[in-house]
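Got the viewer open? Here is a short walk through the fold, one selection after another.

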Amino acid sequence: MKKILLALATFLAASLALAGCTASTEATVHPSTEAVIIDVRTPEEYASGHLEGAHLLDLNSGEFAATFTSLDPEAEYYVYCRSGNRSAQAISMMESEGFTNVTNLGSVGDASKATGIEIVK
């Protein structure tokens, strides 16, 4: 219960602090085959087009907060959303739990450009 409350508090703080933020990743990134790509948008947004192989963990529904702490904190993660705001919030939550190898890819379009991974429906 403490972890959920901490995650929720982090999410709320990040929401206020990061409103309108976008990803700072301008360079091309090459995720390793072990890297995990996370889409934190809604299921409807995901269905409209997502990076091939991306895992959907909806930030707004609480699915991300309920799930991310069970992920391997040593793994490599790339996170994206519609504009970069929710992905920044998700990364903030991950970093507060000790994740160190996380990258904000910004929007789905920016994520596709940065990784070279195709957007699929």
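## Stop one: a buried aspartate

Select Asp 39 and Tyr 80 with their side chains shown: a polar contact of 2.7 Å is not what you will find between these two, but one of 2.8 Å. The 2.7 Å polar contact joins the side chains of Asp 39 and Arg 41. Keep in mind that this is a predicted model.

Now zoom out a little. Asp 39 belongs to strand β1, residues 36-39. Is Asp 39 buried or exposed? Its relative accessible area is 0%, so Asp 39 counts as buried. Leaving aside neighbours within four places in sequence, the residues in contact with Asp 39 include Tyr 46, His 50, His 55 and Asp 58, as well as Tyr 80.

## Stop two: Tyr 46

From that contact list, pick Tyr 46, which sits in helix α2, residues 43-48. With a relative accessibility of 18%, Tyr 46 counts as buried, because the cut-off is under 20%. Beyond its neighbours within four places in sequence, Tyr 46 is in contact with Asp 39, Arg 41, Ala 54 and Leu 56. Draw a distance from the C-alpha of Tyr 46 to that of Asp 58, and you should get 9.2 Å; these two are 12 residues apart along the chain.

## Stop three: the sheet

Switch to cartoon view and colour the strands. You have 4 strands in an open sheet, ordered β3-β1-β4-β5, with parallel pairing. β3 (55-56) and β5 are at the edges with a single partner strand each, so one side of each has no neighbour in the sheet.

Next, go to the β1 and β4 pair, which runs parallel over 4 bridges. Click Val 36 and look across into β4: its bridge partner there is Tyr 77. Step on to β5, which pairs with β4 in the parallel sense over 5 bridges. On that side, Tyr 77 has Val 102 as its bridge partner in β5.

What about burial in β5? There, 6 of the 6 residues are buried, so β5 is largely enclosed by the rest of the structure.

## Stop four: a helix across the strands

Bring helix α5 into view: it lies across β4 and β5, at about 120 degrees to β5. Select Val 108, which is in α5 (residues 108-115). Val 108 has 16% relative accessibility and so counts as buried. Setting aside neighbours within four places in sequence, its contacts include Arg 41, His 50, Tyr 80, Cys 81 and Ile 119. Which C-alpha separation is worth checking here? Try Val 108 to His 50: their C-alpha atoms are separated by 6.6 Å, although the two are 58 residues apart along the chain.

## Stop five: the aromatic rings

Hide the rest and show the aromatic side chains. How many aromatic pairs does the structure hold? There are 3. One of them is Phe 64 with Phe 68, a stacked pair at 5.0 Å centre to centre, with 10 degrees between the planes. Phe 64 counts as buried at 0% relative accessibility, and Phe 68 counts as buried at 1%.

Then swing over to Tyr 77 and Phe 99. Their ring centres are 5.6 Å apart and the planes are at 65 degrees, so this pair is edge-to-face. The pair links distant parts of the chain, 22 residues apart: Tyr 77 is in strand β4 (residues 77-81), while Phe 99 is in the loop between α4 (85-96) and β5 (102-107). Both Tyr 77 and Phe 99 are buried. Select Phe 64, Phe 68, Tyr 77 and Phe 99 together, and you have a cluster linked by ring pairs.

## Last stop: the nonpolar cores

Nonpolar side chains tend to be buried together in soluble globular proteins. The largest nonpolar core here has 16 residues, and among those with the most contacts inside it are Ile 38, Phe 64, Tyr 77 and Met 94. β4 and α4 each supply at least two of its residues, and the largest share, 4 residues, comes from α4.

Centre on Phe 64 once more. Leaving aside neighbours within four places in sequence, its contacts include Ile 38, Val 40, Leu 57, Ala 90, Met 93 and Met 94. To finish, select Ala 35, Tyr 46, Tyr 78 and Leu 105: they are among the 12 residues of a second, separate core.

Notes. Residues numbered from 1 in each chain as written. Predicted model: local features only at pLDDT ≥ 70, side-chain atom pairs only at ≥ 80, totals over all residues. Heavy atoms only, no water. Buried < 20%, exposed > 50% of the residue type's maximum accessible area, 1.4 Å probe, protein only. Contact = heavy atoms within 4.5 Å. Phe/Tyr/Trp six-rings, centres within 6.5 Å; stacked < 30°, edge-to-face > 60°. Polar contact = N/O pair within 3.5 Å; in protein donor to acceptor, adjacent residues only side chain to side chain. Pairing = 2+ DSSP bridges. Axes fitted to C-alpha atoms, helices over the stretch in contact; angles between N-to-C directions. Core = buried A, V, L, I, M, F, W, Y, C linked by side-chain atoms within 4.5 Å.
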